[in-house]
Amino acid sequence: MYRYDEFDAAIVKERAEQFRGQVERRLKGEITEDQFKPLRLMNGVYLQLHAYMLRIAIPYGTLRADQMRTFAHIARKYDKGYGHWTTRQNIQFNWVALKDIPDVLDELAGVEMHAIQTSGNCIRNTTSDQFAGATAEEIADPRPWCEIIRQWSTFHPEFSFLPRKFKIAVTAAEHDRAAIRVHDIGLHMRKNAEGETGFEVIVGGGQGRTPHVGVTIRDFVGEDQLLDYLEAVMRVYNRFGRRDNKYKARIKILVNETGADEFAKLVEAEFEAQKDAEKIVLPQAEIDRISAYFAAPDFETLPEASSAFEEAKAKDAAFARWARVNTRAHKQAGYSIVTISCKPIGAPPGDVSHKQMEVTADLAEKFSFEEIRITHEQNMVLPHVKLDDLYEVYQTLEAAGLATANYELISDIICCPGLDYCNLANARSIPVAQELQNTFADIERQDDIGELKIKISGCINACGHHHVGHIGILGVDRKGEEFYQITFGGRSDEKAAIGQIAGPGLRAEDVPPALERVIEKYREVRSEPSERFIDALERLGHDPFKEALYAAD
Amino acid sequence: MSSVRPKLGPDVPKVITAWDVATGATVYRTQSGDWSQDLSDAETVTGEAADKALSAAVTDETRILDPYVMEVSDEGGVAGRETLRETIRATGPTTHPDFHKAERGVINA
Ligand code: SF4
């Protein structure tokens, strides 16, 4: 994993000290809230409904065990004992007092963490495939490139006052787990005809009020040219992106209004016009230096199969189910990728207690080379666990309430904080998720339903990714009453699509029975059990499911 | 600066609410111009008195931020179009019952 060099460490420490002074001046009344607000936002401090919220960056969702322990300590000492994973692979603490935040930032700096660029109109935390470096599906580990982008973009003077916030995601696997097509820029690592590694560049994706699927403007940019090309995209956006209307300021609007072809031409022209002196020289030695931080850990040479694993599955059916649902193939024989569900039935999706953080850190230390990943679907991952160790890992998770076998199933719901926390919300989202989880609690039934992604947002800002849920749920306010608009057919993978609104909104209490009817319809009409909901939707169209949704009316 | 919330007619009973600067906690303005975390301590105001109370709150920004007027019932409980939002601000998230502040008895809605 990447380790800070002296410059990184100095910058983060200095920033924490600066913020301590700013907070002191605010508390003494020496600066006004208007003066302070941009400063706190630059350090990830938001004001929510009933408390401040601190958002901490987890670069590309990769964490060390000691960093997780620091989160646990912060949760215990400064918060109410828990944290919340976000859909940008970050963590939010919902109850931190402003007066304590400088101390929290100091504690974070001690483990190479910070809250810089988790807010504001800058390039935010670059996100990635949570299985990076572990899956056999990828052509390379995308994380060195996320780190290179992080170093390039952090405090980049030209891009610290963009028209709007800017989000980049990178993947190197054909199956897209990083939702790159709904990012401002999505980078898909590819090989060209010569066998060189580079990037397909996708721009203009995004959710929110005006959702768009990104478009490819370049099939291949070589590694050595990546930063120059990104800089060209950013310059075109910075020059032509709208600043007069917050709702039209994202790059997706510019790409859509300009037309993808024309936008691509503007970028190419900017790319060509970059003078030699401006080019960012990215020598191979530097790429190699950063890549070395992400070198594969010291895997043991093991057989493909593990008799201990097979025996444990034979004697413990719940473990066998969990192993089938929550683990994925590893590139190294004898190892496995473990998804730790943070969606136990009936609990707020993505919330983890300080105790669960400690347990996860223990497991990472003992069984996964100290590494943990946070997923944009609000779960955790132990990326490198030996098959031989899976049963012990499972039993420890089970004891900590972290062994729900629902990865990618109907109760593995993405859910934003909604009106229970968020100052911008129109409606609650967590209670809807909880009710749905209770409705579909039966694990056999979930298993039978198969992969189905429900995503819930409490307002049109779409932090809960409802636009790309197989079933999306958007909370709206109608004269003080919560209503929920249902969409079908969204997806954020390699076939990314924006969901279509099914019809009139539903009351909260009507959502679970309505979705139950939809699911029963799906089970009735699927061609075979392996046909997923999203595939059935594609094959049959939305009408049968819409009919089921409103069948009670 | 004050938060923008729905407009309320002059005769609607209201209290001034804001956030405590140091902690971010929800607070309500009392008759003495101080701030309390208990809605039952809040001063209910209407008409010009409400405008004055809000203006005074806006200048109190060492202690609080983003003050605004919220609707209350004649008895001083949460009321009106934003009842749910203000109940959550007063009592905490509906999803983590452990965090409820209800034991303070602030909710009379
Ligand atoms: S989608 Fe809306 S309600 Fe949910 S966290 Fe984002 S801004 Fe808040």
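## A:His183 and its surroundings

In this predicted model, A:His183 sits in a loop of chain A, between β7 (168-171) and β8 (185-191). Its relative accessible area is 7%. A:His183 therefore counts as buried, since the cut-off is under 20%.

The side chain of A:His183 makes a polar contact with that of A:Arg88, at 2.9 Å. Leaving aside residues up to four places away in sequence, A:His183 touches A:Arg88, A:Thr127, A:Lys167, A:Ile168 and A:Ala169. It also touches A:Ala178, A:Gly204, A:Gly205 and A:Gly206.

## Extent of the A–B interface

Interface size is often quoted as the accessible area lost when the parts come together. Between chain A and chain B, the buried area is about 2,500 Å². Carbon and sulfur atoms give 59% of that area. On the chain A side, A:Arg26, A:Leu49 and A:His50 lose the most area to chain B. Together they make up 20% of what that side buries.

Chain A brings 36 residues to the contact, and chain B brings 26 residues.

## Polar links and the chain A side

The rule finds one salt bridge across the interface of chain A and chain B. The side chains of B:Arg81 and A:Asp477 form a salt bridge, with an N to O distance of 3.0 Å. Polar contacts between the two chains number 13 residue pairs, with both residues at pLDDT 80 or more.

Three elements of chain A each give two or more residues to the side touching chain B: α1 (6-28), α2 (33-42) and α14 (430-439). The largest share, four residues, comes from α2(A). By class, this side of chain A has 15 nonpolar, 14 charged and seven polar residues.

Notes
Residues numbered from 1 in each chain as written. Chains lettered and ligands numbered in written order. Predicted model: local features only at pLDDT ≥ 70, side-chain atom pairs only at ≥ 80, totals over all residues. Heavy atoms only, no water. Contact = heavy atoms within 4.5 Å. Buried area = accessible area lost by both parts, 1.4 Å probe. Salt bridge = Lys/Arg side-chain N within 4 Å of Asp/Glu carboxyl O. Polar contact = N/O pair within 3.5 Å; in protein donor to acceptor, adjacent residues only side chain to side chain. Nonpolar A, V, L, I, M, F, W, Y, C, P; charged D, E, K, R; others polar. Buried < 20%, exposed > 50% of the residue type's maximum accessible area, 1.4 Å probe, protein only.
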